[in-house]
Amino acid sequence: MKKVEKITLNGIWKLQNEEKSINIDAEVPGSVFEALIENMVTEDPFYGENEHKMSWVYNSNWIYQTQFDVNPDFLEHSKIILRFQGIDTFSEVYLNDELLGTTDNMFLTYDFEVKSKLKTVSNRLKIIIESPTIKALEDIKKHGIKLTTGMEALPGVPYIRKAQYSFGWDWGPQLPDISIYPIELIGYDSVKINSIYTVQTFKYNKDPLKITNPEEISTIKVNSVNLRVNFEFDADKDDLEDLTYSIKINLTAPDGNKISKNTMLKSKNQYIELNIDNPHFWWTHDLGEPNLYELSVSLEKDNIIDTFTQKIGIRDIRLIRNSDKWGETFYFLLNGVPIFAKGANWIPIDNFILRGKKLGLYEKTLNQAKRANMNIIRIWGGGIYESDLFYEICDNIGLLVWQDFPFACAIYPKYQKFSEEVKKELIENIKRLRNHPSLALWCGNNEIEYLWKLLLAISKIDDSDTIQELKSSYVNMFEKSFPDLIAKYDSTRSYWPSSPSSVGFSSQKKYMDPNSPDKGDSHFWNVWHGGAPFSEYRKFNSRFMSEYGFESFPSIKTIRTFCPPEQFDFFSPIMKNHQKNSAGNKKIMRYMRRRFTIPKKFEQQVILSQITQAEAIEYGVEHWRRNRNDFHCMGSLYWQLNDCWPVASWSSIDYFSRWKALHYYAKRFYQPLFPSVKEDIQNVEFWITNDLAIPKEVNFEWKILDSEGKILKKGFYETKISPCFSLKCETIDVSDINQEKEKMQQNIIFYKLRDKLKGNEIIYHGFRLFDSPKHFKISDPGLSFACERASNEINTFNFIIKSKGIALYVFIDSDKFDFIASDNFFSMEPNESRIIILNEFNPLDSNTEFTDQNIKDSIRIGSLYDLLKK
C-alpha cells in the first residue's frame, strides 16, 4: 500500500486578462493586484488617489494558467485529488481543457477528482476568475435588494462569500482582491486521515466557580487531564477492520516525555483516550508559559500510509455567564483562573491578504501585540478565517483568539443556497481550527443584531413581510444553525451569537438592548462617533468592552509613502482619501483642539493626533480595569490593532508596523500589575490592579506638583494585592489645592509602582493632569540624552534621558531608522532620568549605513514643549 503523496502546484504561473492584452508572470499563491504591481502594469494602488484608477482590475475577468508533469508512479494511486486551499472568489477550473467545476466561496477548500484526467506530461491547468463586483451587481438585480455593508463600500458584497471589508470600509480602500491560495495534488489509495479532533476533560481539586476569595485562586490545582483524540478517515466504506491498518499515536510533552498508544483501524470515526498526569498547561503569556505538546498520528500497514502532526495545548477555556447583581457575567476562565481580557481587534493584515503573509506581517504584528502586554486578539467579522499560521503563532506566544465568523454590518440573504454554502463553510473551518489552544470563542457576527434597524434602512428594506423573513433567516443562521454546528464539531468551545449582544433575538421575551452594559459584551462609540469627551468612558460600566476606539494619523514616515509634501495638510485631497471615516480628519482636529494648542507644522500635528488617541483609550482602559472585582468588567479590546493599508485610522500599529503612541500606551496600561488614578477637582483615588494569579507586594508612590515643579502633596503606600483583584489604596482630598480653577489647571500628579520582590524596581511610571494640557503652563524641560550600545545585544542601544523640569509626552524618533523603544510618549518629573532601550532597528533607506554614529545622529528627542514652540 502506497503512502499518501502530495505534489505542490505553487510557483510562477501565467496571468492574462480576458482580452489577452495583458500577459504576465504571476506567483501562486498570490493575487492579481500583486502581479500587476510587480510587473509594473499598474501604479501602487495605495499611493495618492490611485485607488480610484483601479476599478478596471476588479471589474475584469482574469485567467491563471500553468503546465505541469506528473511522475508515472504518482498516477498509480487509486485516487488523486486536485485541492485548492482557496480561490477568491468566483471561478471556473479546467484541467486539460475539461471543466472540473466552479467555485463561489473564498472561505472553502475545493477538491476535484482528477485521476482519469491527468497525463504524465504537459498537463494544462486553467482558472478563469470572474469579477466579484460584477457578480455582486448581478445578485442585486436578481434579488431586488441592494444589500451593502455601508456607504464606504461598493454594493452587493453581502450576497457573496468573500471578505466583506474588501469592497471598502471606513478604514479600508475599495480594492476587492482576486487571488489564488495554495494548490496541490493528493494521491492516496483506500484510506487517508481526514481530520483529528482532541477533547480535554479537567479534574480540579476545587470548583473554580465557587471561589469567592481571590486569595484562593493561587491554590487551584488540576488533578488530572483526560485527552480524547477523535479520528475521521476518508474511505469508500464505513467498516474498515478488514484492511488491517493500525493507528499509532504519540504525544510528546514540552520536556520530551512521550505517551504512546496503538489501536486497530475499525471505522471512519473512532478515538483513543490518554490520561495525562502532571500536565504542562498552556497559558496566556502573562499568566505562564504557553506550553505545547506535539500530537503525532500515523496510519500504518507494513509501512506508514499517512501521518498527521499538530501542536496542541493542554488547557481549559470557558466563557462564564452567570447571573449576578448587575445582570450576567461575561468573562473567560483559563485553567480555573478568571482572566481580564486585554487586547485589540484584528483586521486583515494587508488589503491584498496573501502579500501580508509573504511579508512576514503575521509574526511581526502578533509579536508586537504580545509585546504590548495583550493576551487576546479578536478577529473581526468583516475579515476572514485567518491562515493556519495566525493561530499557530498565537498558540506559540500565548495569545487567546476571539473568532468572529466572517459576517459584519449587513443584512444577509435569506435564500436556501446561501445558507447551504455558509453551512459547508462553517463545518470546514471549525474542523480546521478547533485544535488550536489559542481559540477561545466562536462569535456569529459583528454588529448585525445591534445595528439591525439601521442596516434595514441602509439597504432600503421597509416591507414588513420581507423584514420578518430576513429576521427569521438571521435567527435560523446565527442563533440556531451556528450553535448547533459548534455543538456538533467543537463541543467544548463557547459560542456567542453577535458582537455586541446581550441575549440574541430568539431568547428575548421582551426587547433587550444588544449593547446593554449589564449583560454580554459591549461596543462603545459615544466617544469618537458621538463626539463625546473622554470622560464618557467612566460612565459606561460594561461587562466586557469588545470594541471602542479613537482615530489618529500614522507616522509621518508612513504618510510620506503615499503623500507628497505639498499635500501635507489634514484636508488635502490625498490626506482625505486616506481617511475613510466620514469627516474623520475633522474629528481628529476637533478632539485635538479640546485638549491642545494646535501647532502650525503638519508633522507636529500628526504626533499630537497620536497622543490624543492614546490618552483617549487609556482613559477608558483605566476605568474598566478598575472594575474587574466581582467580574463587573472583564475585558477591554480596543478598535483596532492594525491597518491593511497606509491610512488615518483607529489602529495602534500602522501599515508599515510602526508603533503609534497608542501602542506604547497599551504596553503600559495592559501590563498585568497596573496602577491608576481617578481624579476630579475634589478627590483623587489611587488604584492598583493585579491580573496575575498570585498575590503581589508593591510600593505605590505619588506626588502632586504645580507647573513650576513645587511639591504640593505626596504619599506612599506599601501593600499586598490579591490575585485577580483591583485595590483602591486611598482617596485623598485635593479640594484645598484645586479651589481656584487657574491653580487646578497647573497641578499634575506623578506616580510610580515598585515591585518589592524585584528589589523595589520601578515597574510603572504614570502621570495625570486635572484639566486639558493646553491649560498647563509648559516651559522648556531641558531634555538631554546620552547613547551607548547595549553590551551583548545586537542592534540594541541604551538611551539615558534626563529632564531638568516637567516634560510632557516625551517622544523618541529618527528620520533615518525605524526602531521599537522600551517606552515612548511618557512624561517626566523634574530632575528625573530614564533608561530607554531601543532595538529592532531598520534603515528607511537601504543605502544608510548601520553605525553607532548614524544611530546617535539620527535620533531626536522632544516633548510637548518642542511640538508647540514657534
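**Helix α3 and a set of aromatic contacts**

In this predicted model, helix α3 gives way to G144, a residue with a positive phi, near 80°. The helix itself covers residues 132-143, which makes 12 residues. From first C-alpha to last it reaches 17 Å, close to the 16 Å expected at 1.5 Å a residue.

How the two sides of α3 are used comes next. P132, T133, A136, D139 and I140 are all buried. Looking down the helix axis, these buried residues fall within an arc of 115°, so they line one face of α3. That pattern fits a basic feature of helices: an α-helix has 3.6 residues a turn, so residues three or four places apart point the same way. As for what the buried residues of α3 pack against, the partner is α2 (55-58). Over on the other side of the helix, K141 and K142 are exposed.

Turning to aromatic contacts, a search of the whole structure turns up 79 aromatic pairs. One of them joins F407 and F478, with ring centres 5.3 Å apart and planes at 85°; planes over 60 degrees apart count as edge-to-face, so this pair does too. The two partners come from distant parts of the chain, 71 residues apart. F407 sits in the loop between β26 (400-404) and α7 (416-433), while F478 belongs to helix α9 (residues 464-489). Are these two rings buried or exposed? With a relative accessibility of 0%, F407 falls under the 20% cut-off and so counts as buried. F478, at 1% relative accessible area, is buried as well.

F478 also pairs with F482: here the ring centres are 5.0 Å apart and the planes meet at 70°, so this pair is again edge-to-face. Both residues lie in helix α9, and because they are 4 residues apart, about one helical turn separates them. F482 is buried too, given its relative accessibility of 1%. F478 thus takes part in an edge-to-face pair with F407 and in another with F482.

Aromatic rings also meet charged side chains in this model. The charged end of R228 sits over the ring of Y271, at 3.4 Å from the ring centre. Another case involves R668, which lies over the face of Y665, 4.5 Å from the centre of the ring.

Key: Residues numbered from 1 in each chain as written. Heavy atoms only, no water. Helix = DSSP H or I, 4+ residues; strand = E, 2+ residues; numbered from the N terminus. Expected span 1.5 Å × (residues − 1). Buried < 20%, exposed > 50% of the residue type's maximum accessible area, 1.4 Å probe, protein only. Arc of directions from axis to C-beta. Contact = heavy atoms within 4.5 Å. Phe/Tyr/Trp six-rings, centres within 6.5 Å; stacked < 30°, edge-to-face > 60°. Lys NZ or Arg CZ within 6 Å of the ring centre and 35° of its normal.
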